[in-house]
Amino acid sequence: AFVEPIRLDVPGPMPFRAMLVLADDTSSKRAERMRADFLANASHELRTPLASLSGFLETLQGPAHDDEEARDRFLAIMKEQTERMRRLIDDLLSLSRVEMNEHVAPTGSVELNDLARDVTEALRLVAERRAITLELTLADTPAQVRGDHDQIYEVVENLVENAIKYSPDGSQVRIWVEAPRTRDGAEHMPERMDPQSGRLTLSAPPLDPDARFAVVRVRDNGPGIERRYLPRLAERFFRVDGQKSGPTAGTGLGLAIVKHIVSRHRGGFTVESAPGAGSVFSAFFMLAPAQATAPPAPPSGT
Ligand code: ADP
């Protein structure tokens with residue numbers, strides 16, 4: 001940041017001019033490097049499916065032209081690669097949108113139980129294709145949180161999609177919402193977790209000490225994640241080794257998007273995972289002011 005030159009009124013024959021430069025050289029250089037890395041990564045990620053597409057196109061125009069079986073196989077791969085490019089572009093746009101308004105506090109409020117139910121119903125078919133069951137448990141109190149409906153939807157959707165994507169066929173994914181029952185209930189604070197124990201806070205901006213939180217958690221019985229990878233999960237384009245290819249290969253942008261949205265909402269985002277033990281991802285959001293002071297409502301069931 002540059003500050004206007006200031007004229008100092010010091011007695012003497014010459015007016016004294018001083019320039020104060022507050023630019024933080026290291027951080028602006030770092031930001032620039034990150035932008036350059038991001039562009040390089042994004043181009044690379046887009047170029048890979050594109051190269052595959054043009055390779056198959058050439059083969060289809062040439063050697064495989066009259067081979068019906070090869071043609072069908074190649075077309076299926078091309079469809080998959082096109083899908084992959086679409087996912088990448090969607091995620092890139094989503095990330096850039098989120099980053100653009102990250103410093104603008106969200107207005108509005110959302111009922112987290114309703115939202116978790118909507119996401120679960122929307123993804124039930126996708127899960128059923130691989131015989132995965134989604135088990136939803138709602139909080140027994142209303143969970144009206146502050147924030148932008150579409151963005152919070154995107155958070156929960158990303159977490160449930162990941163849980164499905166990384167789960168074995170026929171397994172179960174649990175989604176549940178917790179909200180404080182009592183007026184002073186501080187039971188749902190984003191945990192400051194310890195990476196040594198396989199639990200980690202991926203994002204928790206300075207929390208409002210007076211805020212109370214509701215949380216949506218997603219548990220899967222997938223492969224779990226090695227401790228050394230946990231701190232890197234929300235980095236853009238980061239994917240755990242061994243999960244980088246195949247039809248379910250993601251973009252590596254989903255959790256980066258989640259992290260940005262949660263920090264814009266001044267909430268918390270945590271993961272608890274260990275190889276072989278599955279994973280639990282949790283997103284905490286501040287309760288809306290009305291509910292933060294209202295007495296608890298009677299249980300509403302699930
Ligand atoms: P992707 O689009 O690749 O899923 P994400 O940013 O959502 O990107 O996740 C980053 C990486 O974290 C994934 O590539 C995967 O390696 C790992 N990961 C995310 N969620 C899970 C999960 N539920 N179980 C196991 N690994 C996961």
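**Figure 1. The buried residues of helix α5 in the predicted model.** The buried residues of α5 are Gly254, Leu255, Ala256, Ile257, Val258, His260, Ile261, Val262, Ser263 and Arg264. This is a predicted model, so please read every panel here with that in mind. Ten of the eleven residues of α5 are buried, so the helix is largely enclosed by the rest of the structure. The list of buried positions includes the charged residue Arg264 as well as nonpolar ones such as Leu255 and Val258. The next two views show helices that pack against α5.

**Figure 2. Helix α2 beside helix α5.** Here we look at α2 (residues 68-100) and α5 (residues 254-264), whose axes come within 9 Å and cross at roughly 20°. That angle makes α2 roughly parallel to α5, since angles under 35 degrees count as roughly parallel. The crossing of the two helices is left-handed. On the α2 side, the contact is made by Asp91, Ser94, Leu95, Val98 and Glu99. Their partners on α5 are Gly254, Ala256, Ile257, His260 and Ile261. Sorted by class, the residues of this contact are five nonpolar, three polar and two charged. An α-helix has 3.6 residues a turn, so residues three or four places apart point the same way. With that in mind, try following Asp91, Leu95 and Val98 along α2.

**Figure 3. Helix α4 against helix α5.** α4 also packs with α5, this time at an angle of about 145° and with the axes 9 Å apart. The crossing of α4 and α5 is left-handed. From α4, the residues Gln151, Glu154, Val155, Asn158, Leu159 and Asn162 take part. They meet Gly254, Leu255, Ile257, Val258, Ile261, Val262 and Arg264 in α5. By class, this contact of α4 with α5 comprises seven nonpolar, four polar and two charged residues. Gly254, Ile257 and Ile261 of α5 appear in the contact with α4 and also in the contact with α2.

**Figure 4. Helix α3 packed on helix α4.** In this view, α3 (residues 112-128) and α4 (residues 149-165) pack at an angle of about 40°, with their axes 10 Å apart. That makes α3 oblique to α4. The crossing of this pair is right-handed. α3 contributes Leu112, Leu115, Asp118, Val119, Ala122, Leu123 and Ala127 to the contact. α4 contributes His149, Ile152, Tyr153, Val156, Glu157, Val160, Glu161 and Ile164. Taken together, the contact of α3 with α4 has eleven nonpolar, one polar and three charged residues.

**Figure 5. Phe285 and its surroundings.** Phe285 sits in strand β10 (residues 279-286). With a relative accessible area of 0%, Phe285 is buried. Leaving aside residues up to four places away in sequence, Phe285 touches Leu112, Val145, Ile152, Val155, Arg212, Phe213, Ala214, Val262 and His265. Several helices from the earlier views reappear in this panel: among the residues that Phe285 touches are Leu112, which belongs to the α3 side of its contact with α4, and Val262, one of the buried residues of α5. Phe285 and Val110 are 175 residues apart in sequence, yet their C-alpha atoms are 9.9 Å apart in space.

**Figure 6. Loop residues with a positive phi.** Most residues other than glycine have a negative phi. Two residues in this view have a positive value. Arg266, just after α5, takes a positive phi of about 50°. It is found in the loop between α5 and β9 (268-273), and is partly exposed, with a relative accessible area of 37%. Ala131, which is not a glycine either, has a positive phi of about 55°. Ala131 belongs to the loop between α3 and β4 (133-137).

**Figure 7. Ala277 in its loop, with the whole protein for context.** Ala277 lies in the loop between β9 and β10. Its relative accessible area of 41% makes Ala277 partly exposed. Ala277 and Asp37 are 240 residues apart in sequence and 33 Å apart in space, C-alpha to C-alpha. Stepping back, the protein has six helices and ten strands, and 41% of its 302 residues are buried. Of the contacts between residues at least 6 apart in sequence, 76% join residues at least 24 apart. The accessible surface comes to about 17100 Å², and carbon and sulfur atoms account for 55% of that.

Methods
Residues numbered from 1 in each chain as written. Predicted model: local features only at pLDDT ≥ 70, side-chain atom pairs only at ≥ 80, totals over all residues. Heavy atoms only, no water. Axes fitted to C-alpha atoms, helices over the stretch in contact; angles between N-to-C directions. Helix = DSSP H or I, 4+ residues; strand = E, 2+ residues; numbered from the N terminus. Parallel < 35°, antiparallel > 145°, perpendicular 65-115°, else oblique. Left-handed = near helix turned anticlockwise from the far one by under 90°. Contact = heavy atoms within 4.5 Å. Buried < 20%, exposed > 50% of the residue type's maximum accessible area, 1.4 Å probe, protein only. Areas by Shrake-Rupley, 256 points an atom, 1.4 Å probe, with all protein chains shown as cover.
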